[in-house]
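Me: I'm new to this one, so could we take a close look at a single part before moving outward? Plain language is fine, and please explain terms as they come up.

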Amino acid sequence: MADKSLRIGVVLSGCGVYDGAEIHEAVCTLLAIAKAGAVAVCYAPDIQQAHVVNHLTGQETGESRNVLVESARIARGKITPLSEFSAGDVDALIFPGGFGAAKNLSDFAFKGADCSVNPQVVAAVAAMRAAGKPIGALCIAPAILAKILGQQGVELTIGNDPGTATALESMGAVHRNTGHGEIVVDRGLKVVTSPCYMLDANLVQIAEGAENTVKALVDLVK
């Protein structure tokens, strides 16, 4: 059991798989943090979403929504703008997946390996690296770390999708194929990743991936 004072930052990217944070992954991450005896501290950038998708039809709605406001739905209102992030406030940081990671936290969904990452996300990752604190990412979110840490040869996984893996490797990352619940731990850079819904997964498998990632982050804190 982790020290109850352990704090793990969770960066959300909206609310809903197609245009924000994947809700199952986000909630399973929050549950895993609680089960580890740690405290979740939620963050999201105060920016507009790339677009809004009707999750019933899969079609864009033409609406405008705010990433921080939408993320607050998952965090039950207890969330901090990512612009206020300080590595001194948390012991580890994790990015659940969902298209929001690839549309709002970055534009990987639109530009692939030529993507850019939101400056607040870049700053948060840089602050954690400078402090020697671990970072986790689920599903497609490892693409963010590939862009930021690719030049350092970060080792990670998005599962086994060849096209996405090639894109990550073109950014300098070392990709490892994984199955349900499996994680890849880059001990040098203190990065932990798991594929979650990048595979055809059920909720039990998502929970396993999130829990294994959180456990590894806690071990890297010690």
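Let's go with H24: is H24 buried, exposed or partly exposed, and which residues is H24 in contact with, leaving aside its neighbours within four places in sequence?

Reply: H24 is partly exposed, with a relative accessible area of 37%; buried means under 20%, exposed over 50% and partly exposed in between, using a 1.4 Å probe and protein chains only. Keep in mind that this is a predicted model, where local features need pLDDT of at least 70, side-chain atom pairs count only at pLDDT 80 or more, and totals for chains, interfaces and linings use all residues. Residues are numbered from 1 along each chain as its sequence is written, and side-chain values use heavy atoms, with hydrogens and water left out.

H24 sits in helix α1, which covers residues 23–35. Helices (H or I, at least four residues) and strands (E, at least two) are DSSP runs, numbered from the N terminus. Once its neighbours within four places in sequence are set aside, H24 is in contact (heavy atoms within 4.5 Å) with Y197, L203 and I206. That part of the chain shows up in another value too: the C-alpha atoms of H24 and N202 are separated by 9.9 Å, although the two residues are 178 apart along the chain.

Now step back along the chain to G16, in the loop between β1 (7–11) and α1. G16 is buried, at a relative accessible area of 3%. Leaving out neighbours up to four places away in sequence, G16 is in contact with A21, I23 and H55. Its C-alpha atom is 22 Å from that of S116, and those two residues are 100 apart along the chain.

Follow the chain the other way and you get to strand β9 (residues 191–194), where T193 lies. T193 is buried, with a relative accessible area of 0%. Its side chain isn't idle, though: one of its polar atoms is 3.0 Å from the backbone nitrogen of T157. T157 is also one of the residues that T193 touches beyond four places in sequence, along with A137, P142, L156, E182, I183, V184 and T213.

S194 belongs to β9 as well, and S194 counts as buried at 0% relative accessibility. Where does the side chain of S194 reach? It reaches the backbone oxygen of E182, at 2.7 Å. Outside the window of four places in sequence, the contacts of S194 are A137, L138, C139, T157, G181, E182, I183, G209 and T213. So that you can see the overlap yourself, try picking out A137, T157, E182, I183 and T213, which turn up in the list for T193 and in the list for S194.

A137 also leads to F95, since F95 is in contact with V11, L105, V121, V125, I135, G136, A137, L138 and A141, again leaving aside neighbours within four places in sequence. F95 is part of the largest nonpolar core, a set of buried Ala, Val, Leu, Ile, Met, Phe, Trp, Tyr and Cys residues joined through side-chain atoms within 4.5 Å. This core has 70 residues, and L12, F85, F95, F108 and L168 touch the most other members. Helix α8, residues 203–221, gives the most to it, with seven residues.

What about the cysteines? There are zero disulfides, a disulfide being a pair of cysteine sulfur atoms within 2.5 Å. C28 is in none, as the nearest cysteine sulfur, that of C196, is 7.8 Å away. C28 is buried, at a relative accessible area of 10%. C42 is buried too, with 7%, and its sulfur is 12 Å from the closest cysteine sulfur, in C15, which is too far for a bond.

Finally, two backbone oddities. Most residues other than glycine have a negative phi. R76 has a positive phi, near 55°, and K190 likewise has a positive phi near 55°. R76 is in the loop between α2 (67–74) and β3, where it is exposed, with a relative accessible area of 79%. K190 is in the loop between β8 (184–186) and β9, and at 24% relative accessibility K190 counts as partly exposed.

Notes:
Polar contact = N/O pair within 3.5 Å; in protein donor to acceptor, adjacent residues only side chain to side chain.
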